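Let's take a walk through this structure, starting with the overall fold and working down to individual side chains. Have the model open as you read.

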Amino acid sequence: ICIMFGTIALAIFFSILRIKDEVNNIFGREVRHIVENAQTGRNLARTLAEANLVVSTFYGRPEFLETNGENLLLETNALMAKNTDMSLKESMGKFKKNIQSVLEQCAATNLGRQQIKAIQQKINDITAALGETVSNKIIDLMMEGEDVSTLERLPLVIFGYNEILLRVGLRFNELGLEYFKLPIKEQDHPMLTLLDDMLMRVRPIGAYDPDIAKYGGQITAHIQEYKKNILQFHRTAEELRKRLDQMDKEKEALLILMEETDRESAKKTEQGMEFLTEQIYQKAKMGGAATFLVTLTLVILTSLLGRS
């Protein structure tokens with residue numbers, strides 16, 4: 001009888017050990033996967049927030065873009081290195097390439113903005129030099145007793161140039177980047193129309209003596225360059241919008257993939273729980289049957305011994 005009880009106890013003990021191993025096999029990998037996904041989700045949320053911050057505040061801040069863009073790529077690389085899920089790693093790799101593409105276009109956008117500011121400054125410098133030349137010319141002619149009535153109108157004309165340039169610069173700042181992301185509409189363009197007006201006002205400068213006329217040619221050439229830069233800036237900003245849209249799609253795909261991975265892990269865990277419950281139930285039935293047989297044997301032997 002003692003041997004039979006010992007055998008039952010050992011059987012139950014080893015059944016429990018087996019169930020423990022099955023628990024580790026069933027749940028260990030999935031639990032680790034869920035924990036890893038949770039940590040990845042937190043890190044990914046931080047990376048996405050950083051990406052949104054950079055692409056929404058980079059305009060006109062090249063140093064900020066360079067520093068934070070590099071940090072963003074480093075964070076993305078670290079996130080990929082820590083993740084073991086190949087599907088997520090592949091999706092993160094696509095997202096990283098897209099971020100890099102967006103950052104490059106952000107840099108091109110800032111460069112285009114700097115070029116527009118630079119060409120406007122060049123025109124300002126030329127009109128200032130023109131004004132100084134006209135003033136000196138008027139003084140020289142007055143000292144020589146010459147008629148300066150024609151030249152006396154030029155300072156007012158130059159003032160008109162500066163006023164137009166100021167309005168163009170203000171309009172550029174007011175429109176902001178979002179306007180330039182839209183398709184180009186050259187007709188009635190709020191900046192191009194002002195520059196065309198300035199071109200018409202500059203043409204009469206060519207009728208003056210060479211010392212003054214040369215500035216008219218320079219201003220005309222730089223206005224044409226200004227217009228080209230504006231059109232190019234439209235194309236650059238529109239390309240940025242396309243890349244940002246693609247980044248949003250990649251981000252959405254990555255988030256959906258993470259949700260699917262979490263659901264799959266939860267499903268496998270639930271299936272494992274059902275399997276484990278069935279195993280425990282079967283072991284319990286086996287243990288109960290064995291206990292019943294031992295008890296029945298014990299009753300019979302006790303009865304026989306009593307009769308004896």
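What follows goes from the fold to the core, then to a helix pair, and ends with the charged residues.

Before anything else, keep in mind that this is a predicted model. So what is the secondary structure of the protein chain made of? It comes to seven helices and zero strands, and if you read from the N terminus on, the order is simply α-α-α-α-α-α-α. The chain has 308 residues, and buried ones make up 37% of them. Take the contacts with a sequence separation of 6 or more: 81% of those are between residues 24 or more positions apart.

Now for the inside. The largest nonpolar core has 59 residues. Which residues have the most contacts inside it? They are Leu-130, Tyr-161, Met-198, Ile-219, Ile-223, Tyr-226 and Ile-230. As for the elements behind this core, two or more residues come from each of helix 1 (2-57), helix 2 (62-82), helix 3 (86-143), helix 5 (154-181), helix 6 (192-202) and helix 7. Helix 7 gives the most, with 15 residues.

Ile-230 is a good place to zoom in, being one of the core residues with the most contacts. Leave aside its neighbours within four places in sequence, and Ile-230 is in contact with Ile-116, Phe-180, His-189, Met-191, Leu-192 and Leu-195.

Next, the helix pair. Two packed helices are described by the angle between their axes and the distance between the axes. For helix 5 and helix 6, the axes come within 10 Å and cross at roughly 165°. An angle over 145 degrees counts as roughly antiparallel, so helix 5 and helix 6 are roughly antiparallel to each other. Their crossing is left-handed. On the helix 5 side, the contact is made by Val-157, Gly-160, Tyr-161, Ile-164, Leu-165, Arg-167 and Val-168; on the helix 6 side, the residues are Leu-194, Leu-195, Asp-197, Met-198, Arg-201 and Val-202. You've met some of these names already: Tyr-161 and Met-198 are among the core residues with the most contacts, and Leu-195 is one of the residues that Ile-230 touches.

On to the charges. How many salt bridges are there? The count comes to 10. Let's start in helix 5, where Glu-178 and Lys-181 both lie, three residues apart, or about one turn of the helix. Their side chains meet in a salt bridge, with 3.0 Å from N to O. Are the two partners buried or exposed? Glu-178 has a relative accessible area of 53%, so it counts as exposed, whereas Lys-181 is at 9% and therefore buried.

Helix 7 has salt bridges of its own. Arg-243 pairs with Glu-239, the closest N and O atoms being 3.0 Å apart. Both lie in helix 7, four residues apart, about one turn of the helix. Here both partners are partly exposed: Arg-243 has a relative accessible area of 23%, and Glu-239 is at 28%.

Further along, Asp-248 forms a salt bridge with Lys-251, and this time the closest N and O atoms are 3.8 Å apart. These two are three residues apart in helix 7, so about one helical turn separates them. Asp-248 counts as partly exposed at 37% relative accessibility. Why does Lys-251 count as buried? Because its relative accessibility is 17%, and buried means under 20%. What does Lys-251 touch? Not counting residues up to four places away in sequence, its contacts are Leu-48, Asn-52 and Phe-95.

Not every salt bridge sits in a simple pair: Lys-137, Asp-209 and Asp-211 are linked in a network of salt bridges.

One last stop is Lys-242, which is placed in helix 7 (residues 210-307). With a relative accessible area of 46%, Lys-242 is partly exposed. Look across from there to Val-102: the two are 140 residues apart along the chain, yet their C-alpha atoms are separated by 9.2 Å.

Technical notes: Residues numbered from 1 in each chain as written. Predicted model: local features only at pLDDT ≥ 70, side-chain atom pairs only at ≥ 80, totals over all residues. Heavy atoms only, no water. Buried < 20%, exposed > 50% of the residue type's maximum accessible area, 1.4 Å probe, protein only. Core = buried A, V, L, I, M, F, W, Y, C linked by side-chain atoms within 4.5 Å. Contact = heavy atoms within 4.5 Å. Salt bridge = Lys/Arg side-chain N within 4 Å of Asp/Glu carboxyl O. Axes fitted to C-alpha atoms, helices over the stretch in contact; angles between N-to-C directions. Parallel < 35°, antiparallel > 145°, perpendicular 65-115°, else oblique. Left-handed = near helix turned anticlockwise from the far one by under 90°.
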